[in-house]
Amino acid sequence: MLFEVWAPHADRVTLQLAGSAVAMRRDPARDDWWAVEADADEGARYGFTLDEGPVLPDPRSRRQPDGPDGLSAVVDHGSAGLPGAWAGRPLPGAVLYELHVGTYTPEGTFDAAAGRLGHLVELGVTHVELMPVCPFPGVHGWGYEGVSLWAVHEPYGGPDGLKRFVDTAHGLGLGVVLDVVHNHLGPSGDYLPLFGPYFTDTHHTPWGSAVNLDAPGSDEVRAFLLGSALSWLRDYRVDGLRLDAVHALADTRALTFLEELSTAVDTLSAETNRPLFLIAESDLGDPRTTTPRESGGLGLHAQWNDDFHHALHTALTGESQGYYADFARAPLGALAKTLGHAFFHDGTYSTFRGRAHGRPVDRTRAAAHRFLGYAQTHDQIGNRALGDRLSACLSPGLLACAAALVLTGPFTPMLFMGEEWAARTPWQFFTDHTDPELAEAVRNGRRREFAAHGWADEDIPDPQDPRTRERSCLDWSEPASEPHARVLAWYRELIALRHARPDLADPDLAAVKVAYDENARWLAYRRGDIRVAVNLSKEQATIGLGRDGRSRVLAAWEPVEAPGADGLLALPAESCVVLGPDVA
C-alpha cells in the first residue's frame with residue numbers, strides 16, 4: 001500500500017512499519033510530499049520519523065489504537081464490504097438530537113449508544129448529532145480537545161464502532177450528524193507543527209496560534225481539513241457535519257475555506273445521490289453564513305441560533321448575567337423578535353460585546369429551517385458552573401412551554417440528550433488529561449473562571465475526578481417515573497404533531513405572526529392555521545386569539561378549551577397549547 005505524508009520541514013522522512021525502517025522518497029508530482037510503497041495488513045502499526053526525530057503518528061491517521069501519542073494503524077475503509085442501502089435524510093423537516101457518546105450510557109461506547117437508538121425512533125427525532133469523536137487524551141472528555149482529525153476515539157469503539165453505530169442508526173431510519181472541530185486542536189498529542197505550517201501566528205485565537213487557512217502553506221492545510229470532512233461523509237456515511245465555532249476560523253483569502261468546504265460537500269452529495277449538509281456554530285449573527293454561494297454567501301446549509309436560545313432562557317429563568325443581559329431587559333419581546341426574524345442582534349447594540357452586533361435576516365429569502373432552535377445544548381448546560389439543566393430550576397409546566405416553543409417554532413428543532421424526559425442528571429465539564437501539569441492547569445482554570453462570579457473553589461466540580469463524568473451520565477431509569485414520563489410523552493406528542501402538520505414545517509419566516517404581553521408573561525404565534533400559546537406566569541392568562549371556529553385543541557399541557565365565540569383563550573398557569581383545524 002502507499003504511505004504518504006506532507007512534511008515541508010523535513011530533509012529526510014522514514015516510514016517506521018512493524019519494526020522496520022523504510023526510507024521515503026520525495027514525490028516528484030507534489031511539492032514537499034514524501035511517499036513509499038510497502039506491504040501492510042489491516043491494523044499494522046506505523047509512524048513517521050522526520051530527520052533524526054522520534055517516531056510520530058500519521059497526520060492523516062485513520063486509527064490511533066493507543067491514543068493520540070501512540071503509533072497509527074492501517075485502516076482499509078473498503079475491507080468491510082459494501083454498506084447497506086441508505087438514501088439519506090435531508091435537513092428540511094428534521095428534528096435533531098445532540099448526543100455525547102461517553103455519557104449517553106454508563107458504558108460510554110458506540111455499541112452501547114446504538115443499543116439505545118430505539119428510544120430516539122419512538123421519540124420521533126430524525127437525526128442524531130454526535131459530539132466530536134476524534135482521539136483525545138485519556139478515556140473520557142467532551143471531545144473538543146481532539147487531535148488526529150481523520151481518526152476515531154478508541155475507547156468509544158474506534159473506526160469500526162462508529163461504522164456500526166451509523167449502520168444501526170440508518171437501519172432505524174435515523175440520520176447521523178457529526179460535530180467536527182477545525183478551529184483548533186487539543187493541547188496534548190498535537191504533532192502537526194512538527195510536520196509543517198498547520199498553524200500560523202498571523203492570527204491568534206482563544207487557543208493560541210490559528211489554524212493556517214490563509215498564510216504560506218495554507219493550501220495543504222485546507223486540503224487536510226477538507227479531506228477529513230469528506231472522509232466522515234464518504235467513508236463513515238454520516239449525513240451531515242456540525243462545524244464548531246466557525247467564527248474562530250481566521251481566513252482572509254478571497255475564496256474562504258468554508259466556501260471550499262460547502263462546494264466540496266455539495267459535489268459529494270451530487271456524486272452519491274444522497275443529501276449531505278453542513279451546520280455552522282457561529283457567533284457572528286451573519287445570515288451570509290447560510291446564504292447560497294451563488295447569492296454571495298458561504299453556502300453552509302444551516303447555523304445554530306443562540307439568539308433564540310438566549311431569549312428563551314431569559315424568559316424562562318429570569319437570568320440576566322453576561323450575554324443574557326440584553327435579552328433579559330424584555331425577554332418576551334426578545335423571544336418574539338427571534339421567532340419572526342431569527343436574530344435578536346441584527347445590527348443592534350450588544351452590551352456584552354460593547355458594540356453593535358449582527359446583521360438582519362432577509363425574511364423573504366432565508367428559509368427558517370436554515371436556523372436551529374433549541375432550549376438546551378452541551379454548551380449552554382456544561383459551561384455553567386455546576387452543569388445544571390433547566391430541569392434543575394424549572395417546573396414541568398415551564399419545561400413543557402420550552403418544548404412547545406422549540407418543537408412548533410419556525411426553526412429546525414434540536415434537543416440535548418435527556419432533555420426529552422427532564423433528566424435530573426447534570427452535564428458537567430470533565431476531562432481525563434494524562435499530563436499531570438495540564439490536568440492541574442485545567443482544574444485551576446475552571447476554578448478561576450467561576451471564582452470571578454462568586455463561586456468557591458470547593459463548589460466547582462473537579463474536571464479530572466471520574467465522578468464528574470459519572471454524574472453526567474444519563475439515568476435510564478428516570479423515564480419510567482414521574483414527572484419524567486409525562487414530559488417524555490409531551491415531547492413525543494409535539495414531535496409527532498410537527499411531522500403531521502405541514503404548517504409547522506413552513507420555511508417562511510415572514511409568515512410567522514407573534515403577539516405577547518411582557519407583564520402578563522404570555523406569548524402566542526401563528527404559523528399558517530396552527531396557533532401556539534404559552535403562559536410563563538404563575539397565574540391563568542386570558543389571551544385574545546380572535547374568532548376562528550375551525551380551531552380545536554391539538555395538544556395541551558393542562559386541560560384547556562379552544563377559544564369560544566369571543567376569541568379568548570383561558571390558558572392555565574405555566575402551561576401551553578397548540579390549536580389548529582381538523583385534518584381534512
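This report describes a helix pair, an open sheet and a few single residues in a predicted model.

**A buried serine and its helix**

Ser231 is part of helix H6, which covers residues 218-234. With a relative accessible area of 1%, Ser231 counts as buried, because that value is under 20%. When its neighbours within four places in sequence are left aside, the residues in contact with Ser231 are His77, Trp150 and Tyr236.

**How H6 meets H7**

Two packed helices are described by the angle between their axes and the distance between the axes. For H6 and helix H7, the latter formed by residues 257-272, the angle is about 30 degrees and the axes lie 10 Å apart. The crossing in which H6 passes H7 is right-handed. On the side of H6, the contact is made by Arg222, Leu225, Leu226, Ala229, Leu230, Leu233 and Arg234, while H7 contributes Phe257, Glu260, Leu261, Ala264, Val265 and Leu268. Sorted by character, the residues of this contact of H6 with H7 comprise 10 that are nonpolar and 3 that are charged, with no polar residue among them.

**The open sheet**

Strands of a sheet pair through backbone hydrogen bonds, either parallel or antiparallel. Here an open sheet is built from 5 strands in the order E21-E22-E23-E27-E25, and the pairing is antiparallel. At its edges stand strand E21 (513-517) and strand E25 (552-556), each of which pairs on one side only. Averaged over the sheet and with direction ignored, neighbouring strands are turned by 20 degrees against each other.

The pairing of E21 with strand E22, which spans residues 522-527, is antiparallel and consists of 5 bridges. Within this part of the sheet, Tyr516 has Leu523 of E22 as its bridge partner. Helix H15, made of residues 484-500, packs on the sheet and touches E22, E25 and strand E27 (575-580). The direction of H15 makes about 135 degrees with that of E25.

**Cysteines and a summary of burial**

Which disulfides does a search of the whole structure find? The search finds 0 disulfides, so no pair of cysteine sulfur atoms lies within 2.5 Å. Two of the cysteines, Cys134 and Cys473, are listed below together with Ser231.

| Residue | Relative accessible area | State |
|---|---|---|
| Ser231 | 1% | buried |
| Cys134 | 11% | buried |
| Cys473 | 9% | buried |

Cys134 is buried because its relative accessible area of 11% is under 20%, and Cys473, with a value of 9%, is buried for that reason as well.

Key. Residues are numbered from 1 along each chain as its sequence is written. This is a predicted model: local features need pLDDT of at least 70, side-chain atom pairs count only at pLDDT 80 or more; totals for chains, interfaces and linings use all residues. Side-chain values use heavy atoms; hydrogens and water are left out. Helices (H or I, at least four residues) and strands (E, at least two) are DSSP runs, numbered from the N terminus. Buried means under 20% relative accessible area, exposed over 50%, partly exposed in between (1.4 Å probe, protein chains only). Contact means heavy atoms within 4.5 Å. Axes are lines fitted to C-alpha atoms, for helices over the stretch in contact, and angles run from 0 to 180 degrees between N-to-C directions. A crossing is left-handed if the near helix is turned anticlockwise from the far one by less than a right angle, and right-handed if clockwise. Ala, Val, Leu, Ile, Met, Phe, Trp, Tyr, Cys and Pro count as nonpolar, Asp, Glu, Lys and Arg as charged, and the others, Gly among them, as polar. Two strands pair if DSSP finds at least two bridges between them.
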